[in-house]
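Dear colleague,

Please find below the structure that I am handing over to you. I would be grateful if you could look through it before reading my notes.

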Amino acid sequence: MSAPTEMRHKAALSDYLAAERTLLAWVRTGLALMGFGFVVARFGLFLQQLEIFRQANTPLSSTGLSLWFGTALITLGVVVNFASAWQHTQLVRQLDRGEAGRCSPVAQNVGIALVLALVGLAMAIYLVSVGDSTNRQSNGAKETSMTFGAAAATNKGIIDKPSNHSVDETVEKLKNILQAKGVTLFALVDHSGEAAKAGLTMRPTKLLIFGSPKAGTPLMVAAPSVAIDLPLKILVWEDGQGKVWVSYNSPEYLKDRHGLPQDLFASITVVEDLAAKAAG
């Protein structure tokens with residue numbers, strides 16, 4: 001005769017502890033998925049930090065692909081936690097009834113492991129491809145920097161900005177900017193034009209001398225030697241390859257050279273803004 005239902009074998013304490021350990025393991029898995037999802041969602045920020053080496057003014061916002069991928073992983077982590085709670089509840093009920101508990105499906109465990117492995121592999125491949133591209137751009141920028149660095153060592157204190165216009169167009173643009181700002185143009189020296197008058201050949205080279213007595217006088221009172229470099233000057237010239245440049249004395253160089261006080265330093269930094277607008 002079979003034993004009554006009340007006499008059915010009850011689960012041991014070790015069975016409940018094993019079930020609890022299984023639950024905690026799944027909870028950790030869910031938390032790991034959510035954490036990994038957050039990292040993937042913000043992975044776009046890291047990639048755009050790399051973009052800074054290639055281009056300026058890049059907004060720091062997560063890319064769409066990483067955002068959606070990360071959100072999917074976070075959602076998967078939430079689902080895993082809910083599913084593990086439900087499965088643990090069912091398992092405890094089975095143990096209370098004296099039934100043998102069922103193990104977690106193997107396919108479920110393997111599936112989650114494969115998803116995580118594929119996501120990690122995709123991120124690694126993408127990161128390597130972006131890194132290689134960034135290195136190529138960085139090497140190119142380094143070569144350019146070394147070229148300009150050599151020029152800076154030869155011409156200490158001079159800043160060269162490439163212009164998008166011809167020499168004459170750049171000069172006219174700068175003259176209009178000076179006039180609009182009420183800055184006096186004291187002289188326009190056409191070096192190449194004077195060379196042509198003397199029967200010599202010289203690429204287009206023009207020097208603009210400008211300033212304001214109201215701004216320059218306090219500078220010369222504070223540091224009389226600065227009169228050597230005032231009024232301010234901007235040189236517009238064409239190199240051997242036909243590239244047009246806008247050159248001027250670095251304000252920092254003039255400050256250190258003549259010991260200009262900090263409160264008057266802004267009077268000479270205007271040359272940077274003028275050169276940038278004329279070249280742009």
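The notes below cover a pair of helices and then three individual residues.

Please bear in mind throughout that this is a predicted model.

I begin with the two helices. Two packed helices are described by the angle between their axes and the distance between the axes. Helix H8 spans residues 251-258 and helix H9 spans residues 266-279; their axes come within 9 Å and cross at roughly 155°. An angle over 145 degrees counts as roughly antiparallel, and H8 and H9 are therefore roughly antiparallel to each other. Their crossing is right-handed. On the H8 side, the residues that meet the partner helix are Pro251, Leu254 and Lys255, while H9 contributes Ile268, Thr269, Val271 and Glu272. Sorted by class, this contact of H8 with H9 comprises four nonpolar residues, one polar residue and two charged residues.

Next, I turn to strand S3. This strand covers residues 205-211, and Thr205 is located in it. Thr205 counts as buried because its relative accessibility is 11%, where buried means under 20%. A polar atom of the Thr205 side chain lies 2.9 Å from the backbone oxygen of Arg203. With residues up to four places away in sequence set aside, Thr205 touches Val189, Asp190, His191 and Ser192, as well as Leu235, Val236 and Trp237.

Leu207 also has its place in strand S3. Its relative accessibility is 16%, so Leu207 counts as buried. Among the residues that Leu207 touches, again not counting those up to four places away in sequence, are Ala187, Leu188, Lys233 and Ile234. Val189, His191 and Leu235 complete the list for Leu207; these three names also appear among the contacts of Thr205. In addition, the C-alpha atoms of Leu207 and Val171 are separated by 8.7 Å, although the two residues are 36 residues apart along the chain.

Finally, there is Ser163, which sits in the loop between strand S1 (158-162) and helix H5 (167-181). Is Ser163 buried or exposed? Ser163 is buried, because its relative accessible area is 4%. Its side chain reaches the backbone nitrogen of His165 at 3.2 Å. The Ser163 side chain also makes a polar contact with the side chain of Thr170, at 2.8 Å. Leaving aside neighbours within four places in sequence, Ser163 is in contact with Thr170, with Lys243, Val244, Trp245 and Val246, and with Ala278 and Ala279. Ala278 and Ala279 fall within the residue range of H9, the helix described at the start of these notes.

With kind regards

Key
Residues are numbered from 1 along each chain as its sequence is written. This is a predicted model: local features need pLDDT of at least 70, side-chain atom pairs count only at pLDDT 80 or more; totals for chains, interfaces and linings use all residues. Side-chain values use heavy atoms; hydrogens and water are left out. Axes are lines fitted to C-alpha atoms, for helices over the stretch in contact, and angles run from 0 to 180 degrees between N-to-C directions. Helices (H or I, at least four residues) and strands (E, at least two) are DSSP runs, numbered from the N terminus. Angles under 35 degrees count as roughly parallel, over 145 as roughly antiparallel, 65 to 115 as roughly perpendicular and the rest as oblique. A crossing is left-handed if the near helix is turned anticlockwise from the far one by less than a right angle, and right-handed if clockwise. Contact means heavy atoms within 4.5 Å. Ala, Val, Leu, Ile, Met, Phe, Trp, Tyr, Cys and Pro count as nonpolar, Asp, Glu, Lys and Arg as charged, and the others, Gly among them, as polar. Buried means under 20% relative accessible area, exposed over 50%, partly exposed in between (1.4 Å probe, protein chains only). A polar contact is a pair of N or O atoms within 3.5 Å; within protein, one must be able to donate a hydrogen and the other to accept it, and residues adjacent in sequence count only if both atoms are side-chain atoms.
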